[in-house]
Every structure is written in C-alpha cells, then in structure tokens.
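Trainee: Could you take me through one part of this model slowly, and then show me how the rest of the chain is arranged around what you describe? I am new to reading structures, so please explain the terms as you go.

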Amino acid sequence: MKRFRNKLLPGLLALLSTFAVNAGVDIGGTRVVYDGAKKEAALSVSNPDSVPYLIQSWLEYPDSKDKSVPFIITPPLYRLDRGQQNIMRIVRTGSLPENKESMFWLSVKTIPAAERKNNSLQIAIKTRIKLLYRPAALKGQIPEDSANKLSWKRSGNQLAVSNPTNFYMNFNQITVAGKDVPEPTYVAPGATATFALPPGVASGPVTFKIINDYGGVGPIHHAAI
C-alpha cells in the first residue's frame with residue numbers, strides 16, 4: 001500500500017512563518033484491474049492522519065478529458081474522518097472492446113479539512129493511478145505471459161516497440177546496451193510506442209521489465225535492435 005504525503009512547495013518558506021503539513025491518506029493500490037466478468041471493481045482509501053479529508057475521485061481517458069468515460073465511481077465525493085476507511089466502487093456503465101484491454105486514469109484528490117490559522121497553508125493532493133479494464137474473454141491471462149511477443153526496432157533517434165497482444169504493457173524499465181531509456185511508460189494493445197534512446201546509443205541488446213497487476217515488477221525480458 002502506498003502512502004501519499006503533502007510536500008513543501010519551494011519558495012513559500014519566505015512567505016509563511018508556519019507551514020501546515022498533513023500526512024495524507026493511504027490508497028489501496030497503484031492500479032485497479034477491472035475484471036470484465038464481474039459487475040464492479042473496488043479501491044480502498046484510508047485516513048491515518050489527525051485531520052478529516054474530503055475525497056474526490058473521477059476517471060478520464062489517457063488521451064482526452066472530454067470523452068465520456070463508461071464508468072461511474074461511487075461515492076465520487078465524501079468525507080473521510082481520522083482512522084476511517086472507505087471502499088470506492090467502480091461500475092461499468094457503457095460498452096468497451098471485449099477482445100483487448102482498455103486503460104483509463106483514475107484520479108483521487110485529497111483535501112485536508114482543518115481550522116484556518118494565520119500563516120498556514122493546506123494543500124490538496126491529486127493522485128493518479130491506472131484503471132485497466134480486462135474483458136472476460138482474457139480471464140486467466142496476464143500481460144507477462146505475452147511480453148516476449150513485443151517487437152523492438154530503432155526509428156531515428158528513438159526506440160520503437162510494437163505490441164501485437166491484447167494487453168497494455170506497462171514498463172518499469174527499458175535498457176539498450178545496458179543504458180536506461182528515460183521515462184519508459186506503456187504501449188497499448190495493437191499499437192506502437194516510441195521512447196528516446198539513451199544518449200550515445202544507436203543499437204544493442206534490449207532488456208525490459210513489465211509491471212504486473214499488483215504494481216510489482218516482473219522478470220527481465222531480452223530483445224535486440
């Protein structure tokens with residue numbers, strides 16, 4: 001379980017003699033995998049802090065904030081008192097492809113509720129995790145099983161990876177010739193993603209690791225460009 005903490009903003013110390021720091025809330029996972037064979041998915045949120053929080057949650061497509069998302073979160077807005085835990089339920093309300101995974105961003109905003117004091121500051125923290133919808137047709141399968149089907153090649157000064165599988169491949173690490181690729185993210189089913197090659201590297205052996213359904217990291221996979 002990951003703990004998200006408010007952080008001091010640079011430059012504000014010169015303006016504030018007192019800074020109110022809140023420990024934040026615990027969110028029960030770094031991702032949610034929605035099993036298409038079930039009616040809903042769930043995510044826990046708990047408050048170990050000394051003050052209540054207002055919790056607001058919503059979903060978005062990775063590439064657009066304007067498209068309507070085929071899910072609802074309940075409750076979307078609620079108060080979480082000290083020591084309490086709440087279970088947010090995610091329910092599908094529309095159609096999605098049933099032969100491949102779909103991915104969305106799930107945002108959780110935490111707003112501390114406290115008495116106003118002179119020279120104090122409260123900060124709302126937004127945490128964003130992935131919601132992966134896995135159709136019932138893919139039940140019993142996991143991305144790791146298909147990771148070696150990815151195809152890698154050099155494209156100019158970039159590394160291109162093509163994904164012929166039905167799963168989102170979320171990378172923890174990619175290296176070329178032993179050097180880390182900066183900011184590896186993911187490649188969608190049936191799509192190609194590109195990443196900047198490490199400085200001074202044009203070719204060589206490729207290694208990569210996939211993040212699993214629980215936020216852990218899988219074994220090293222090998223390829224070449």
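**From one loop to the sheets**

Mentor: Let's begin with Ala177, which lies in the loop between β13 (169–176) and β14 (179–180). Strands here are DSSP runs of E with at least two residues, helices are runs of H or I with at least four, and both are numbered from the N terminus. Before we go on, keep in mind that this is a predicted model: local features need pLDDT of at least 70, side-chain atom pairs count only at pLDDT 80 or more, and totals for chains, interfaces and linings use all residues. Residues are numbered from 1 along each chain as its sequence is written, and side-chain values use heavy atoms, with hydrogens and water left out.

Back to our alanine. Ala177 is not a glycine, yet its phi is positive, at about 55°. Most residues other than glycine have a negative phi, and most peptide bonds are trans. With a relative accessible area of 38%, Ala177 counts as partly exposed; the scale calls a residue buried under 20%, exposed over 50% and partly exposed in between, using a 1.4 Å probe and protein chains only.

Glu183 makes a good companion. This residue sits in the loop between β14 and β15 (186–187), and its phi is also positive, near 55°, although it is not a glycine. Its relative accessibility is 70%, so Glu183 counts as exposed. For an unusual peptide bond, look at the step from Thr74 to Pro75, which is cis with omega near -5°. Pro75 belongs to the loop between β6 and β7.

Now step back to the whole chain. It has zero helices and 18 strands, and buried residues make up 42% of its 225 residues. The chain exposes about 12200 Å², of which carbon and sulfur atoms supply 49%; such areas come from the Shrake-Rupley method with a 1.4 Å probe, and for residues only the protein chains shown count as cover.

How are the strands put together? Two strands pair if DSSP finds at least two bridges between them. One open sheet has five strands in the order β3-β10-β9-β5-β7, with mixed pairing. Its edges are β3 and β7; each has a single partner strand, so one side of each is left without a neighbour in the sheet. Neighbouring strands in it are turned by 25° against each other on average, direction ignored; the axes are lines fitted to C-alpha atoms (for helices over the stretch in contact), and angles run from 0 to 180 degrees between N-to-C directions. Within this sheet, β3 and β10 are parallel and share five bridges; Val33, for example, has Leu132 in β10 as its bridge partner.

Another open sheet has three strands, in the order β11-β12-β16, with antiparallel pairing. Here β11 (151–155) and β16 (192–196) are the edge strands, each pairing on one side only. Five bridges join β12 (residues 158–162) to β16, and Gln158 has Ala196 as its bridge partner in β16.

Strand β5 (residues 53–60) rewards a closer look, and it includes Glu60. Glu60 has 14% relative accessibility, so it counts as buried. Its side chain makes a polar contact of 3.3 Å with that of Trp58 (a pair of N or O atoms within 3.5 Å; within protein, one must be able to donate a hydrogen and the other to accept it, and residues adjacent in sequence count only if both atoms are side-chain atoms). Ser57 lies in β5 too, and its 6% relative accessibility is why it counts as buried. Leaving aside neighbours within four places in sequence, Ser57 is in contact (heavy atoms within 4.5 Å) with Ile73, Pro76, Met88, Ser107 and Val108.

Finally, the interior. A nonpolar core is a set of buried Ala, Val, Leu, Ile, Met, Phe, Trp, Tyr and Cys residues joined through side-chain atoms within 4.5 Å. The largest has 25 residues, and Val32, Leu59, Phe71, Ile90, Leu106 and Leu131 have the most contacts inside it. Among the elements giving it two or more residues are β3, β5, β9 and β10. A second, separate core of 20 residues includes Phe171, Val176, Phe195 and Ile210.
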